[in-house]
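Me: Please go through the classifications assigned to this structure and give the reasoning behind each of them.

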Amino acid sequence: MERTGSLASMKIRTIVVEDEPLARARLCGLLEADAEIEIVAQCGDGLDAVAQIASLEPDLVFLDIQLPELDGFQVLTELGGENLPAVVFVTAYDKFAIKAFEVHALDYLLKPFDRERFQTALARVKSILAQRQNKLRTELSKLIGELRPEAKHLKRLVVKSGGKVVFLNATDVDWLESDDNYVNVRLAGKNHLVRETLGAMEERLSPEQFVRISRSVIVNTERIRSIEPGLNGAYIVILSTGDRLSLSRGYRATIAKLIGKEE
């Protein structure tokens, strides 16, 4: 969501994610004392955090790392690398993680923290929001990759459908198609729009299960029933769903991958 105006003319929409009620209440109390902050949601577990962040698209999230259901890093991984809010981690992590936060120009609150440390973190984030939003998102994506390399490939997709936030298992997806700056996710005969480019989505899907067969289409290899010759050197990929998709000539190497041979 693109926002217009300056921080001086609009409030910073903030979500607090903390599973401990007393710690959550203290954070909210400190934030409510700042006239520039508007708390739009409070969450006590990782799944709720993903749903609320995806739905409300806040400017800022105070995110505990140790959470039920999904930890803080898994929350960010589920949300993907684009359109992430500014994040202040609330953590008891070791020095390696803290150093990573500093290198990537993110901030953190190391429990237990005092009011002065909180104010320092908040002032830093305000500066980042005002001057370097795009750089923040890039650095945050890098940090996720460094600290949680095992979570590189998506296991679930978060989509909006009928006014609700829906979680889709990546393994259930049949195929994906580019739609400008969105991706149309096809699953069980239904379409779900995700605000992301197909190229960005491809980087986060497992290459062992998903292959690109044209500039605009990625398919789940487990759904492929057969491949037939088409016109002008192209091929037709037929899925178990009955969908017939064109495999472009420029992606002929995909055939070799699908049948386990090298061209």
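Reply: A residue is called buried when its relative accessible area is under 20%, and exposed when that area is over 50%, with partly exposed in between. The model to which these terms are applied is predicted.

Me: Why does R212 count as buried?

Reply: The relative accessibility of R212 is 19%, and the cut-off is under 20%, so R212 counts as buried.

Me: What makes E202 partly exposed?

Reply: E202 has 33% relative accessibility. Because partly exposed covers the range between 20% and 50%, E202 counts as partly exposed.

Me: Why is the contact of R212 with E202 called a salt bridge?

Reply: The closest N and O atoms of R212 and E202 are 2.9 Å apart, and the limit is within 4 Å; the contact therefore counts as a salt bridge. R212 belongs to strand β11 and E202 to helix α7, so the pair ties together parts that are 10 residues apart in sequence.

Me: What makes E228 and R244 a salt bridge?

Reply: Their closest N and O atoms are 3.9 Å apart, which is within 4 Å, so the pair qualifies. E228 lies in strand β13 and R244 in strand β15, so parts that are 16 residues apart in sequence are tied together. With a relative accessible area of 34%, E228 is partly exposed. R244, at 54%, is exposed, since the cut-off for that term is over 50%.

Me: Why is the aromatic pair of F73 and F89 called tilted?

Reply: The structure holds 2 aromatic pairs. In the pair of F73 and F89, the ring centres are 5.7 Å apart and the planes form an angle of 45°. The centres lie within 6.5 Å, and the angle is neither under 30 degrees nor over 60, so the pair is tilted. F73 is in helix α3 and F89 in strand β4, 16 residues apart, and both residues are buried.

Me: Why is helix α3 described as largely enclosed by the rest of the structure?

Reply: Of its 8 residues, 7 are buried, so the description follows. Among them are F73, L76 and E78. E78 also forms a salt bridge with R156, at 3.4 Å from N to O. R156 lies in strand β6, so the pair ties α3 to a part 78 residues away in sequence.

Me: How do you know that strand β3 is mostly covered?

Reply: 5 of the 5 residues of β3 are buried. L60, F62 and D64 point one way, V61 and L63 the other.

Definitions and conventions:
Residues numbered from 1 in each chain as written. Predicted model: local features only at pLDDT ≥ 70, side-chain atom pairs only at ≥ 80, totals over all residues. Heavy atoms only, no water. Buried < 20%, exposed > 50% of the residue type's maximum accessible area, 1.4 Å probe, protein only. Helix = DSSP H or I, 4+ residues; strand = E, 2+ residues; numbered from the N terminus. Phe/Tyr/Trp six-rings, centres within 6.5 Å; stacked < 30°, edge-to-face > 60°. Salt bridge = Lys/Arg side-chain N within 4 Å of Asp/Glu carboxyl O.
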